[in-house]
Amino acid sequence: GSIAAVWKAHFDLGHPERPFRANYGPVLRMIIDLDDLDHASWIIDTGSSGWPCSEHYSDQFEIWRKAELKPMLMNWEEIRAAANATLTLAPGASEKE
């Protein structure tokens with residue numbers, strides 16, 4: 001992308017030998033068909049967790065490296081069918097006293 005693009009790749013245009021070699025670039029890839037929001041797809045270069053001790057810290061790297069994507073489900077029935085766990089929060093757990 002251009003200098004004005006969001007999360008564009010960064011180049012060192014002043015480098016005498018390699019002015020267009022990317023130094024860094026976007027980590028998130030996302031494809032969303034605005035006519036079919038229920039079946040968008042995405043991937044992030046490492047994993048869904050930013051915590052190094054998490055099993056999900058690097059669980060998406062191989063998928064990202066192969067330029068593949070994961071479904072970004074929006075339909076609750078599909079989300080429930082694909083879920084491998086459920087987190088239930090206690091009532092009032094977020095209320096301040």
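A residue counts as buried when its relative accessible area is under 20%, as exposed when that value is over 50%, and as partly exposed in between. Keep those cut-offs in mind as we walk through this structure, which is a predicted model. Asp36 makes a good first example: its relative accessibility is 31%, so Asp36 counts as partly exposed.

Let us step back to the whole chain. It has five strands and two helices, and reading along the sequence gives the order β-β-β-β-α-β-α. The chain has 97 residues, and 10% of them count as buried. Its accessible surface comes to about 8,400 Å², with 57% of that belonging to carbon and sulfur atoms. As for how the chain meets itself, take the contacts between residues at least 6 apart in sequence: 29% of these join residues at least 24 apart.

Now start near the beginning of the chain. Ala9 sits in the segment before strand S1, which spans 10-11. Setting aside residues up to four places away in sequence, Ala9 touches Ala22, Tyr24, Gly25 and Pro26. Val27 is 18 residues from Ala9 along the chain, and the C-alpha atoms of the two are separated by 9.9 Å.

Next, follow the chain to strand S3 (28-31) and strand S4 (39-44), where the loop between them holds Asp36. On the surface, Asp36 joins Asp33, Asp35 and Asp38 in a patch of negative charge. There is a nonpolar surface patch to look at as well, formed by Leu28, Met30, Ile32, Leu34 and Leu37. Together these five residues have about 490 Å² of accessible area. Met30, one of this group, lies in strand S3. With a relative accessible area of 43%, Met30 falls between the two cut-offs, so it is partly exposed.

Moving past S4, we come to Gln60, in the loop between S4 and helix H1 (61-65). Is Gln60 buried or exposed? Its relative accessible area is 2%, which is under the 20% cut-off, so Gln60 is buried. We can also see which residues are around Gln60. Leaving aside neighbours within four places in sequence, Gln60 is in contact with Trp42, Ile43, Ile44, Asp45, Thr46, Gly47, Ser48 and Lys70.

Finally, let us look at pairs of charges. Side chains of opposite charge can pair when their charged atoms come close. How many salt bridges does the structure hold? There are two. One of them joins the side chains of Glu17 and Arg18, with 3.8 Å from N to O. Glu17 has a relative accessible area of 63%, which is over the 50% cut-off, so Glu17 is exposed. Arg18, at 37% relative accessibility, counts as partly exposed.

In another salt bridge, the side chains of Arg65 and Glu62 meet, with 2.7 Å from N to O. Where do these two residues sit relative to each other? Both belong to helix H1, and because they are three residues apart there, about one helical turn separates them. Glu62 has a relative accessible area of 41%, so it is partly exposed.

How values were computed:
Residues numbered from 1 in each chain as written. Predicted model: local features only at pLDDT ≥ 70, side-chain atom pairs only at ≥ 80, totals over all residues. Heavy atoms only, no water. Helix = DSSP H or I, 4+ residues; strand = E, 2+ residues; numbered from the N terminus. Buried < 20%, exposed > 50% of the residue type's maximum accessible area, 1.4 Å probe, protein only. Contact = heavy atoms within 4.5 Å. Areas by Shrake-Rupley, 256 points an atom, 1.4 Å probe, with all protein chains shown as cover. Patch = residues over 30% accessible without salt bridge, like charges linked within 9 Å, V, L, I, M, F, W, Y side chains within 5 Å. Salt bridge = Lys/Arg side-chain N within 4 Å of Asp/Glu carboxyl O. Lys, Arg positive; Asp, Glu negative; His and termini not counted. Charge placed at Lys NZ, Arg CZ, Asp CG, Glu CD.
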